[in-house]
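Visitor: I'd like to go through this model with you, starting with the ligand. Could you show it to me?

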Amino acid sequence: MKWPTVNTQIFLGAVFGVAIGLYFHGLESDSTIVKVGLYSSGLVGGLFIDLLKMILIPLVFTSIAVGIANLQAHKQVHRVWTTTLAFFAFTVAIAILLGMTANQIFRPGDGLDLEMFAGAMQSFETKQLGLAEFIAQFLHGLFVNPFAALAQGNVLAVVIFATFVGIALVIGGERYRNILTLLQELNEIIMQMVKWIMYLAPLGIMALLIKLVATQDMALFGNLGKFMAVVLGTALLHGIVILPLILYLITKVTPLKFFKGAKEALVTALATSSSSATLPVTMRCTEHNLHVRRDVAGFVVPLGATVNMDGTALYEAAAALFVANLVGIDLSLTQQLIVFFTSMIAAIGAPGIPSAGMVTMVMVLQSVGLPAEAIAILLPIDRLLDTVRTAVNVEGDMVGSLVVQKLVER
Ligand code: ASP
């Protein structure tokens, strides 16, 4: 019998993970088998994420610096920048509109009573973070001592510093040839390690999904089921119809071909709920399976992993309207516009880690005077919603690099 490809193994890992997780969920939570099972899946899943995080920062740094330096060779830096940012803004705007429209149509907050969440809201303290503060904090976070940023795994700050290095390499030209070669070779070495880590992905993903499914509190889904259905439905609409349609219209890459190439990254995003942790896999899929040039992928994907989050933006906007609905406030058109823009900023500012969107959600709520404590209602269901929104976030980056490559070539 032929040994299945890594791609098939990942798929099998995901299926087994969900099945075993459901099985554990049905057992007594203090039985030995569940305890041992959860301990080992926590350990294995955690190690898989550790490995991805280990190479994340060197990967981001070398990809961006080398990517920008090489783009100059094609005289394309400027076009890649502008096309990338335009694409990110355009798709995030569509995602937010979808989330808001679906929420206005289905109104999942109707019929729910705030009283039933009183307990959760009382025991919850939120950090107050207004829009102005948030923007200041975000801007300050951009320019950080590169050594601190590298050591702390601050992806956005590393992206910025690497961009400067890339530009300096371009301007220096031949003078810095050696440094460029060094970075290029480092980048290749890291991509080689990504290949090794991918061999462990099926096991890592299975472990993460076992833990996720087994520890999910299903009882909560009763009350919030309709809201969850609206968010998941619109996120899937965006990910399965809108993004592939844009991709097809611009590049003629069919959805089938795209999803075949993107699968590993999407499953990893589902299992890790982290765009950053998934980034090494996303890079590999984009270059190897979807055949995006390394200089374009090396720029668009790492940048997108931290600022381009369609799923998060969609969720934040929908959740704000849901909370308004729940507390019985009808938002005016201006307030809805504020929700639109703050959701966009919140998605840009959210780091690519699990439940990051929940933290920036506070800002969106407060921007229109909604109670920040409502986060307490949203948190328990966040593990599940985070999986899908992260997958959509990662998908947007891969679609983005294909689109940017095509548009820049023209
Ligand atoms: N977990 C998401 C990501 O990493 C961010 C979020 O929406 O919480 O892309």
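Visitor: Which residue has a polar backbone atom 2.7 Å from an oxygen atom of the ligand?
Guide: Happy to help, and please keep in mind that this is a predicted model. Among the 15 residues around the ligand, those that come nearest include Ser 275, Thr 312 and Gly 357. The backbone contact at 2.7 Å, to an oxygen atom of the ligand, belongs to Gly 357.

Visitor: How much of the ligand does the protein bury?
Guide: Side chains join in too: a polar atom of Thr 390 is 3.1 Å from a ligand nitrogen atom, and one of Asn 393 is 2.9 Å from a ligand oxygen atom. Taken alone, the ligand exposes 270 Å². The share of that area buried by the protein is 100%.

Visitor: Which element gives the most residues to the shell around the ligand?
Guide: The ligand sits in the largest cavity. Its shell divides into four nonpolar, nine polar and two charged residues. Both α15 (356–367) and α17 supply at least two residues of that shell. The top contributor, with four residues, is α17.

Visitor: And the second largest pocket: how many of its lining residues are nonpolar?
Guide: That pocket has a volume of about 490 Å³ and is lined by 22 residues, with Leu 236, Leu 266, Leu 270, Val 388 and Ala 391 nearest its centre. The largest share of the lining, six residues, comes from α17. Besides two polar and two charged residues, the lining has a nonpolar set of 18.

Key:
Residues are numbered from 1 along each chain as its sequence is written. This is a predicted model: local features need pLDDT of at least 70, side-chain atom pairs count only at pLDDT 80 or more; totals for chains, interfaces and linings use all residues. Side-chain values use heavy atoms; hydrogens and water are left out. On a 1 Å grid over the protein atoms alone, a cavity is a set of points where a 1.4 Å probe fits but cannot get out, and a pocket is an open set with protein on both sides within 12 Å along at least five of seven lines; lining residues have an atom within 4 Å of a point. Grid points are joined across faces, edges and corners, and a volume is the space filled by probe spheres set on the points. Ala, Val, Leu, Ile, Met, Phe, Trp, Tyr, Cys and Pro count as nonpolar, Asp, Glu, Lys and Arg as charged, and the others, Gly among them, as polar. A residue is near a molecule or strand if one of its heavy atoms lies within 4 Å of it. A polar contact is a pair of N or O atoms within 3.5 Å; within protein, one must be able to donate a hydrogen and the other to accept it, and residues adjacent in sequence count only if both atoms are side-chain atoms. Accessible areas come from the Shrake-Rupley method with a 1.4 Å probe; for residues, only the protein chains shown count as cover. A molecule sits in a cavity or pocket if more than half of its atoms lie within 2 Å of its grid points.
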